[in-house]
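Me: I would like a close look at one part of this model. Please keep it brisk.

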Amino acid sequence: MEDEEIDKTSNIEERSAKEIAEFNRQMTNEKNKMLNIFKDSDDNTKKIATPLIENASYMKVELAHLKKYNIKNGIKEFYMNGKGQFGYKESVESKTYNTMIKNYIAVVKQLNDILPKGKSINADDGFEGFGDE
């Protein structure tokens, strides 16, 4: 059996240095917003919250990018296998979005559970306008 060659026409592209810098800027902004909510918390709570905040800020920014992609390109993609079968399937980006949004909501819930009473992080707070800057 011959070795299969990697499809070099794939849609996968690396982010440019400018895109990475913008992604990091957005992530830092989100991280700072969430850290600010925990500023009056005790050190132990901050220690627990910090890695969750790191993950939540990454996911929030990535979700915004995936959402834009899905709006622009749709959530289905055409496929054709080697046996001549073809059709449409859910896109990788759509599957990634659906999985990540569940994980994001779970992390935000964890953060809310350790917050002092009277404070909360809204999972969709500012999310609708996110990325429109």
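Me: Does Tyr88 count as buried or exposed, and why?

Reply: A caution to begin with: this is a predicted model.

Tyr88 counts as exposed, because its relative accessibility is 58%. The cut-off for exposed is over 50%. Tyr88 sits in strand β2. That strand covers residues 86–90.

Now the surroundings. Tyr88 helps to make a nonpolar surface patch. The other members are Phe78, Met80 and Phe86. Together the four residues give a patch of about 530 Å². Two strands each supply two or more residues to this patch: β1, residues 76–80, and β2. A residue needs over 30% relative accessible area to join a patch, and Tyr88 has 58%.

Next, the helices. Helix α2 spans residues 43–73, and helix α3 spans residues 92–114. These two helices pack with their axes 9 Å apart. The angle between them is about 150 degrees. Angles over 145 degrees count as roughly antiparallel, so α2 and α3 fall in that class. Their crossing is left-handed.

Helix α2 also meets helix α1, which runs over residues 17–37. The axes of α1 and α2 come within 9 Å. They cross at roughly 135 degrees. That angle makes α1 oblique to α2. Here the crossing is right-handed.

To return to the residue you asked about: Tyr88 lies in β2, counts as exposed, and belongs to the nonpolar patch with Phe78, Met80 and Phe86.

Definitions and conventions: Residues are numbered from 1 along each chain as its sequence is written. This is a predicted model: local features need pLDDT of at least 70, side-chain atom pairs count only at pLDDT 80 or more; totals for chains, interfaces and linings use all residues. Side-chain values use heavy atoms; hydrogens and water are left out. Patches are made of residues with over 30% relative accessible area and no salt bridge: like charges are joined within 9 Å, nonpolar side chains (Val, Leu, Ile, Met, Phe, Trp, Tyr) within 5 Å. Accessible areas come from the Shrake-Rupley method with a 1.4 Å probe; for residues, only the protein chains shown count as cover. A salt bridge is a side-chain nitrogen of Lys or Arg within 4 Å of a carboxyl oxygen of Asp or Glu. Helices (H or I, at least four residues) and strands (E, at least two) are DSSP runs, numbered from the N terminus. Buried means under 20% relative accessible area, exposed over 50%, partly exposed in between (1.4 Å probe, protein chains only). Axes are lines fitted to C-alpha atoms, for helices over the stretch in contact, and angles run from 0 to 180 degrees between N-to-C directions. Angles under 35 degrees count as roughly parallel, over 145 as roughly antiparallel, 65 to 115 as roughly perpendicular and the rest as oblique. A crossing is left-handed if the near helix is turned anticlockwise from the far one by less than a right angle, and right-handed if clockwise.
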